[in-house]
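Student: I have a model open and I'd like to learn how to read it feature by feature. Can we take it slowly, starting with a single side chain and its surroundings?

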Amino acid sequence: MKSRVVITGVGVLAGNGKGKQEYWQALREGKVGYKPVTIFDASEFRVKIAGEISDFDPTIYMGIKGLRLLDRSTKLMVSSAKLAIQDSQYIITEENTDDAGVSVGTTLGSLKSIAEFDEVTLREGPRYVNPGLFPNTVINSPASQVSIWHKIKGFNTTISTGFTSSLDAMSYAYDFLQYGRANVIYTGSVEELCWHTFFGFHTLEFLSGSKEGQEFVNCPFDARRNGITFGEGACLLCFEDYDHAVARNAPIQAEVLGFGTCFDPFRIHKYNPHGTGLKQSIRNALEDAGVGIEDIDYICANANSTKMGDKVETEAIKAVFGERAYKIPISAVKSMTGECYSLSGAFAMAASVGVFQENFIPPTVNYKEKDPDCDLDYVPNEARDGSKIKIILVITFGPNGNNTCAVLKRFEK
């Protein structure tokens, strides 16, 4: 019999809200987090909009010492950890630190640091590089710094699987709790906005408005959709063994029922039009959670405003749920945060906890024109009452074959 795993803390930093309450309120109001880019010069690009946290001040969360050599990803991650630890009301001491862990999913977090480190090496020579900046060039730096800053001595893991990284990291944390190898795990993701990642997505013409003659619009499931809006941020949730949480009278906010994954290699940077792996990952998640299609009350979708991605997701939902698919409210948090790559799954999980805690269903904003290929209930433009939502399916997938889903439940003793 599986052990119960609950969520006792949420720490989120997003373009449309810092801290869980601000983030949830922004989702309820349909407030978008994307805006003109200010942290680098975007004048050379057709697209000049992204989900930037333009007013991020790490000193609020980390103080003023020890920040000089840390990159933006690490500052975001450590800051979100501070929020998650505070929210979970877990006091880390020498006596319990070995029972706590960190599991982070990220993919692009070190790209800026690597590029800048290598640029100095190539232009001036390796002897002129600041060795203090080298730790930022490894992808596990943000997760490691979370443990260093918050004195967490249990396991520390970084998982890099692209668009599904955050849910894969959470699945790893969930398994660790099942095996009794930890009592408390801070798990989630971070991605930073920088010139290098923006350039990459823009060059691939994956961004909305990046193609010549194309206008910027972020509208998942809408017929006008033409690409993603890149976003950034950090989000950690506190996964905890149920008995441990009860024993310390922790603020239980949701229950994690299970995960499902399926790798479906098709073509590089291309969605499988049949959604084979996505369908299987949904089925695997439902099976792992011990629930049926009739039990899912809301779907927090992957939808990132790409033509093929949103269509494939819609068809996969209909294939798994049949006629019930038309009765389940579905919404795209990315319509407000943008596509945050590895991080988006964590944002979706945090949003789902908000459904339970604040009793609302987030809307899919900017929805205006119906697409015959996307004909389900996408909660257009305005939030709905979520007080009757008991079980949520969270979906993540990407064009390189990764598919991971999670099932959450409103907490009941």
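Student: Let's start with Y378. Which residues does Y378 touch, not counting those up to four places away in sequence?

Tutor: Keep in mind that this is a predicted model. Y378 touches F221, T314, I330, S331, T364 and Y367, once the residues up to four places away are set aside. As for its place in the chain, Y378 sits in the loop between β12 (360–361) and β13 (384–385).

Student: Is Y378 buried or exposed?

Tutor: Buried, with a relative accessible area of 2%. Its side chain also has polar partners: a polar contact of 2.9 Å joins it to the side chain of T314, and the backbone nitrogen of L376 is 3.3 Å from one of its polar atoms. For a sense of how the chain folds back here, take V365: 13 residues separate Y378 from V365 in sequence, and their C-alpha atoms are 9.4 Å apart.

Student: That loop has another residue I'd like to ask about. What is the phi of N381?

Tutor: Positive, about 70°, although N381 is not a glycine. N381 lies in the loop between β12 and β13, and it is partly exposed at 36% relative accessible area. Q89 is another such case: its phi is positive, about 55°, and it isn't a glycine either. You'll find Q89 in the loop between α3 (72–88) and β5 (100–105), where it is exposed with a relative accessible area of 53%.

Student: On to strands. How should I read the side chains along one?

Tutor: In a regular strand, side chains alternate between the two faces of the sheet. Try that on β8, which covers residues 233–241. G233, C235, L237, F239 and D241 point one way, while A234, L236, C238 and E240 point the other way.

Student: How many of the residues of β8 are buried?

Tutor: 9 of 9, so the strand is mostly covered, where buried means under 20% relative accessible area. Both sets of residues, the ones pointing one way and the ones pointing the other way, are buried.

Student: Which strands pair with β8?

Tutor: β1 (residues 5–14) pairs with β8 in the antiparallel sense over 9 bridges. β7 (residues 184–191) also pairs with β8 in the antiparallel sense, over 8 bridges. To anchor this on screen, find V10 opposite L237 of β8, then V190, whose bridge partner in β8 is A234.

Student: Now charges. What's the idea behind a salt bridge?

Tutor: Side chains of opposite charge can pair when their charged atoms come close. The count here comes to 16 salt bridges. One of them starts from β8's own E240: R248 pairs with E240, with the closest N and O atoms 2.7 Å apart. In that pair E240 is buried at 0% relative accessible area, whereas R248 is partly exposed at 22%.

Student: Why does the E212–R46 salt bridge tie together parts that are 166 residues apart in sequence?

Tutor: Look at where the ends are. Their side chains meet at 3.9 Å, N to O. E212 belongs to the loop between α7 (195–203) and β8, and R46 to the loop between β3 (35–36) and β4 (49–50), so the pair links parts 166 residues apart in sequence. E212 is exposed, at 69% relative accessible area, and R46 is partly exposed, at 48%.

Student: Which residues are linked in a network of salt bridges?

Tutor: R225, D310 and D371 are linked that way. Elsewhere, D377 and R384 form a salt bridge with closest N and O atoms 2.7 Å apart, and R384 is partly exposed at 33%.

Student: And the nonpolar side chains?

Tutor: In soluble globular proteins, nonpolar side chains tend to be buried together. The largest nonpolar core in this model has 48 residues, and I296, F321 and V407 have the most contacts inside it. Elements giving two or more residues to this core are α7, α9 (276–289), α10 (307–321), β14 (391–397) and β15 (403–409). Apart from it lies another core, of 47 residues, with W24, M349, V353 and V379 among them.

Student: Last one: where is confidence lowest and where is it highest?

Tutor: It is lowest in helix α4 (residues 111–124), with a mean of 80, and highest in strand β10 (residues 298–300), at 99. The chain averages a pLDDT of 95, and 100% of the residues score at least 70.

Key:
Residues numbered from 1 in each chain as written. Heavy atoms only, no water. Buried < 20%, exposed > 50% of the residue type's maximum accessible area, 1.4 Å probe, protein only. Helix = DSSP H or I, 4+ residues; strand = E, 2+ residues; numbered from the N terminus. Pairing = 2+ DSSP bridges. Salt bridge = Lys/Arg side-chain N within 4 Å of Asp/Glu carboxyl O. pLDDT = per-residue confidence, 0-100. Contact = heavy atoms within 4.5 Å. Polar contact = N/O pair within 3.5 Å; in protein donor to acceptor, adjacent residues only side chain to side chain. Core = buried A, V, L, I, M, F, W, Y, C linked by side-chain atoms within 4.5 Å.
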